[in-house]
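Colleague: Could you take a close look at the buried interior of this one for me? I'd like to hear about the cysteines first, and then about any enclosed empty space.

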Amino acid sequence: MEFVLYFSLAFLLITTMIFIRNQFDFPSLRAVRYANEKENTPLVSILIPARNEVDNIEKAIRCSLEQDYIYTEVIVLDDQSTDGTREKVQDMAREYDKLRYESGIEKPSDWLGKPWACHQLSKKATGDLFLFVDADVWFEPTTVSKVVSEMKFADMLTVWPEQKVVSFWEKMIIPMIYHTLFTLLPAKYVERDPRWMPGKLRSIFSEQFAAACGQFIAINRKAYEVIGGHRAVKARIVEDVELAKAAKRNKLKLRMYHGAAQIHCRMYTSQREIWNGLRKNFFIGFDKNVLLFLFMALLHIAVFMVPFFTIPYAFITGKYFMLWVSVICVLLILMQRWLLDYKFSWNPVISLLHPVSVFWFQLLGLRCLTDHFTGMKATWKGREVSE
């Protein structure tokens, strides 16, 4: 047990260093300054794929139309919705000249739903800059201006929105995704390769540092064509990360931001939605590597669950050195969580239940492994999803 705690402490010290560095290297889009230029401004195509998004689509459209950057077109593609999304968008298109409604056509068998919808949107767009935005995302009026300003220095830009969490399970699970992002991925290496790594290793591992959030991706037309657009990732569930890998593979400039107080999203509204939404891509995120998947599960149990239980054990048995190591581990975990809670306006009390959230992911992992070995497929918005 002592060895597990020492390992946990070492791991947490490393992730804390990454976390601290990301406070400086993972910039906020809100902090970007821009000038309202009148000339040499690209037309931005705001592209929104929508499937059964009747409760979200109006907010996404209105914020897209209310930008202070005027050189925009907004195109919404209805991906064969059955809940009134089509009618909602059509009504709004009659009201706003800048808004165009497109009806999606049947998905080919070798395409997944979202890449196919985004591919259709790219064919309808006339802008020099594509901005792919999920239908459950909304953003502040200065967002497109800030993106255009930063795209002068990049070929592709992605933003991780500020996630709005309302229900208990949203508060328990969604922040865990950002905790992993901020503690395991040095954000600077998304933009450039690690200079400390030998040249040959750098070229091998460069793509492993690629990351993107498909909820908000901007890419200029030329770069989109160079990487093959969404056709190049047509059968990939985590198509956003694959686009980022393609960008790095083609030596394109990639930039990544967080969207606290600037770009907002409510991914899911219930525990059932969270389970089904993450079930389709959790195992895929590990490239279906069973050994790596199991190793990471054991790692998370050891690091994020064991210290919480060894505190009362060490106190009762009088093992005070073990007690202090356990306390330090727990404090490091909570420090990371609470700083993220502050950044993204989440309830810090929920972070005290961190081990419960980790256990939830272990159950999800078992479900994903069962799917993998039995051939079962996850379902999302009425479609089977598999890769």
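Modeller: Let's start with Cys-265, which is buried, at a relative accessible area of 0% (buried is under 20%, exposed over 50%, partly exposed in between, with a 1.4 Å probe and protein chains only). Bear in mind that this is a predicted model: local features need pLDDT of at least 70 and side-chain atom pairs pLDDT 80 or more, while totals for chains, interfaces and linings use all residues. Numbering runs from 1 along each chain as its sequence is written, and side-chain values use heavy atoms, without hydrogens or water.

So is Cys-265 bonded or free? The cysteine sulfur closest to that of Cys-265 belongs to Cys-213, and because 7.3 Å separates the two, they're too far apart for a bond. Cys-118 tells a similar story: its closest cysteine sulfur is also in Cys-213, but at 12 Å, so a bond is out of reach there too. Cys-118 is buried as well, with a relative accessible area of 2%. Across the whole structure, the disulfide count is 0 (a pair would need its sulfur atoms within 2.5 Å).

Now for the empty space. Searching the whole structure turns up 3 cavities of 30 Å³ or more (on a 1 Å grid, a cavity is where a 1.4 Å probe fits but cannot get out; lining residues have an atom within 4 Å of a point). The largest cavity holds about 50 Å³, counted as space filled by probe spheres on its points. Around it sit Phe-11, Thr-15, His-179, Thr-180, Thr-183, Leu-184, His-300 and Phe-304.

Three helices, H1 (2-25), H6 (168-184) and H12 (290-304), each put at least two residues into that lining (helices are DSSP runs of H or I, at least four residues). H6 is the biggest contributor, with 4 residues. No charged residue lines the largest cavity; by class, there are 5 polar and 3 nonpolar ones.

Gln-336 ties in nicely here. You'll find Gln-336 in helix H14, residues 320-344, and its relative accessible area is 0%, so it counts as buried. Leaving out residues up to four places away in sequence, Gln-336 touches Leu-12, Thr-15, Thr-16, Phe-19, His-179 and Thr-183 (contact means heavy atoms within 4.5 Å). Look back at the cavity: Thr-15, His-179 and Thr-183 are among the residues lining it, and they are also among the contacts of Gln-336.

Notes. 1 Å grid on protein atoms, 1.4 Å probe; cavity = no way out; pocket = protein on both sides within 12 Å on 5 of 7 lines; lining within 4 Å. Nonpolar A, V, L, I, M, F, W, Y, C, P; charged D, E, K, R; others polar.
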